[in-house]
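Open the model in your viewer, and keep the selection tool and the distance tool at hand. The tour moves from one selection to the next, with a short account of what is found at each stop.

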Amino acid sequence: MLVGIPARPGGHDPVRWRAWAVAAVLALGACGDGGTGPATLDRAPAPTTTTVTAPRDAATTTTAGPATTTTTAEGLVVAEAQPATPTCPAVPAQARPDPDRPRYRLDLVVRPDQGTVDGAVAVTFVPDLPVDRLVFRLWPNGPRTARAGARLDVGEVTVDGRPTPAGLADPTILDVPLPAPAGPGEAVEATVAFRLRLPGAVNDRLSHDGDAIRLGSFFPILPWEPGHGWALDPPTSAFAEASTAPVADFDLTVEVPDGLDVLASGEPAGPGRWRAVAVRDVALSIGRFTLAAGVAHAPEPVHVTVGVHAGIGESPDAYLERTIRALEDFARRFGPYPYPRHTLAITPGLSGGIEYPTHVMQGPATIGRTTSHEVGHMWFYGLVGNNQGRDPWLDEGLATWAEAGFEGTLGAMRNRAIPAWARGRTGEPMTYWESRQSGYYRGVYVQGAQALAALGDAGLVDCALRHYVARHAFAIARPPQLIASLALVFPDAPERLGGFGIR
Ligand SMILES: [Zn+2]
């Protein structure tokens with residue numbers, strides 16, 4: 001039982017809850033400066049190329065058909081084992097999510113007129129290693145968004161129902177010592193009250209531009225890497241590229257002023273409420289949306305909704321069509337899309353796209369490669385997670401690979417020049433790219449796709465990626481695990497990838 005968490009916003013005593021939440025907020029201090037240069041969003045390339053669908057490279061077509069799937073009791077679609085084909089070794093049955101994954105309840109009251117989000121997170125966490133503390137990452141306090149005016153302040157923290165002192169090890173790290181150590185398999189229940197002060201209109205995952213609000217990487221979240229422990233990678237000016245989180249279940253409630261729409265991760269579960277199963281984060285977009293909805297067969301039905309915020313002179317229809325086709329293409333290439341829903345919000349002032357599990361944020365006029373790239377992240381980052389601070393190429397290189405196959409741009413991508421100082425450095429962490437952001441896209445995204453292309457036939461690379469997804473679905477992978485999957489099909493993968501700086 002969770003003690004110390006306030007009543008749900010919009011529940012039986014919302015006024016009291018609000019008073020409590022405000023009173024509980026402590027000023028824990030804004031973060032310091034640090035980091036310069038542009039955000040490393042998934043930007044559309046400049047100059048932009050045509051946005052109509054190009055025919056695919058012959059080399060990138062895949063012979064894989066839809067995998068045979070099973071729908072779990074929790075509604076997740078997972079692949080069954082696939083027999084060997086003349087070119088692809090038998091793929092094992094897809095891994096299932098850890099039954100001891102964290103369970104979150106996240107309650108939010110959004111007040112656009114005040115530029116605030118008052119919230120409370122309650123989580124049940126079952127570590128697989130001994131722990132003597134809990135860690136929550138406070139990504140809005142990372143240098144880039146803090147500089148833009150965002151601030152995440154934490155109020156009362158409880159552990160197993162008792163108020164517990166907590167401190168900041170860094171503006172982005174809330175350290176909560178446990179009253180007593182917890183062993184593997186022992187559940188710890190914690191609550192954190194918080195107030196998020198929104199920045200203004202920012203070209204990033206946190207933004208507040210009139211009625212259009214983006215909420216991504218915005219609440220206290222456990223950066224646990226099963227088998228390894230807390231991921232304490234330093235924030236960089238591309239703060240969300242440091243995120244690492246295990247899949248978890250989320251019960252989300254959101255209160256917004258009348259007339260505003262919400263598109264969020266997960267499945268609607270009543271007015272102002274969503275439920276997301278086995279996802280590593282949740283995000284939402286708020287606005288006045290013109291909506292379009294359809295169904296992708298990836299291969300099971302996936303309900304897709306696209307919303308375009310009022311004032312952006314675009315139709316949601318083309319984004320919907322492209323998202324559906326990308327979901328279906330990647331399900332054939334990499335394995336089924338596991339969730340029943342996918343949403344995309346087009347909101348102002350964003351020059352590319354930002355991926356969250358089952359929810360993507362994109363800016364105006366990003367119908368081109370951004371749309372397929374972000375859908376690619378549903379497999380690489382969403383389904384198979386990674387430490388985005390330590391191994392940014394692991395999701396960006398693979399999402400770019402997915403994108404290139406869909407867009408028919410692999411040939412062009414292989415021919416793109418990589419700056420000499422970024423060549424052979426694909427595997428570097430975000431701290432390396434922090435001071436070299438002009439080469440980040442080419443060094444990590446393009447070079448990551450080039451490294452895979454260097455292995456051989458694109459259809460065989462997709463086969464190896466089906467193995468990678470099957471083995472590491474719902475988990476957090478590290479580079480040696482991808483290399484091992486690639487080596488099943490390309491025995492010389494370790495040497496070849498080593499030449500690109502991937503080890
Ligand atoms: Zn990306």
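Begin with two helices, H4 and H5, whose crossing is right-handed. Bear in mind from the outset that this is a predicted model. To find the pair, select residues 369-376 for H4 and residues 392-407 for H5, and turn the view until you can see them pack at an angle of about 130°, with their axes 8 Å apart. That angle makes H4 oblique to H5, because angles over 145 degrees would count as roughly antiparallel and those from 65 to 115 as roughly perpendicular.

Next, select residues 103-111, which form strand E4, a strand of nine residues of which seven are buried, so that E4 is largely enclosed by the rest of the structure. Add residues 116-125 to the selection, and you have strand E5, which runs antiparallel to E4 and is joined to E4 by nine bridges. Within this pairing, look for Arg 105, which stands opposite Ala 122 in E5. The two strands E4 and E5 form a hairpin with four residues between them, and in the turn you will find Gly 115, which has a positive phi of about 70°.

Keep E4 in view and now select residues 248-255, which are strand E16; here seven bridges join the two strands, and E4 and E16 run parallel. A good residue to label is Leu 106, whose bridge partner in E16 is Leu 252.

From there, go to strand E11, residues 188-197, and pick out Thr 191 within this strand. Is Thr 191 buried or exposed? With a relative accessible area of 3%, Thr 191 is buried, since a residue counts as buried when that value is under 20%. Show side chains at this stop, and you can trace a polar contact of 2.5 Å between the side chain of Thr 191 and that of Thr 158.

For the last stop, select residues 458-472, helix H9, and place a distance label between the C-alpha atoms at its two ends: they are 21 Å apart, which agrees with the 21 Å that its 15 residues should span at 1.5 Å a residue. Of these 15 residues 13 are buried, so H9 is largely enclosed by the rest of the structure. At the N-terminal end of H9, Asp 457 acts as a cap, with a side-chain oxygen lying 2.8 Å from the backbone nitrogen of Gly 459. Finally, move just past H9 to Phe 474, which takes a positive phi of about 65°.

Note on methods:
Residues are numbered from 1 along each chain as its sequence is written. This is a predicted model: local features need pLDDT of at least 70, side-chain atom pairs count only at pLDDT 80 or more; totals for chains, interfaces and linings use all residues. Side-chain values use heavy atoms; hydrogens and water are left out. The expected span of a helix is 1.5 Å times one less than its number of residues. Buried means under 20% relative accessible area, exposed over 50%, partly exposed in between (1.4 Å probe, protein chains only). A polar contact is a pair of N or O atoms within 3.5 Å; within protein, one must be able to donate a hydrogen and the other to accept it, and residues adjacent in sequence count only if both atoms are side-chain atoms. Two strands pair if DSSP finds at least two bridges between them. Axes are lines fitted to C-alpha atoms, for helices over the stretch in contact, and angles run from 0 to 180 degrees between N-to-C directions. Angles under 35 degrees count as roughly parallel, over 145 as roughly antiparallel, 65 to 115 as roughly perpendicular and the rest as oblique. A crossing is left-handed if the near helix is turned anticlockwise from the far one by less than a right angle, and right-handed if clockwise.
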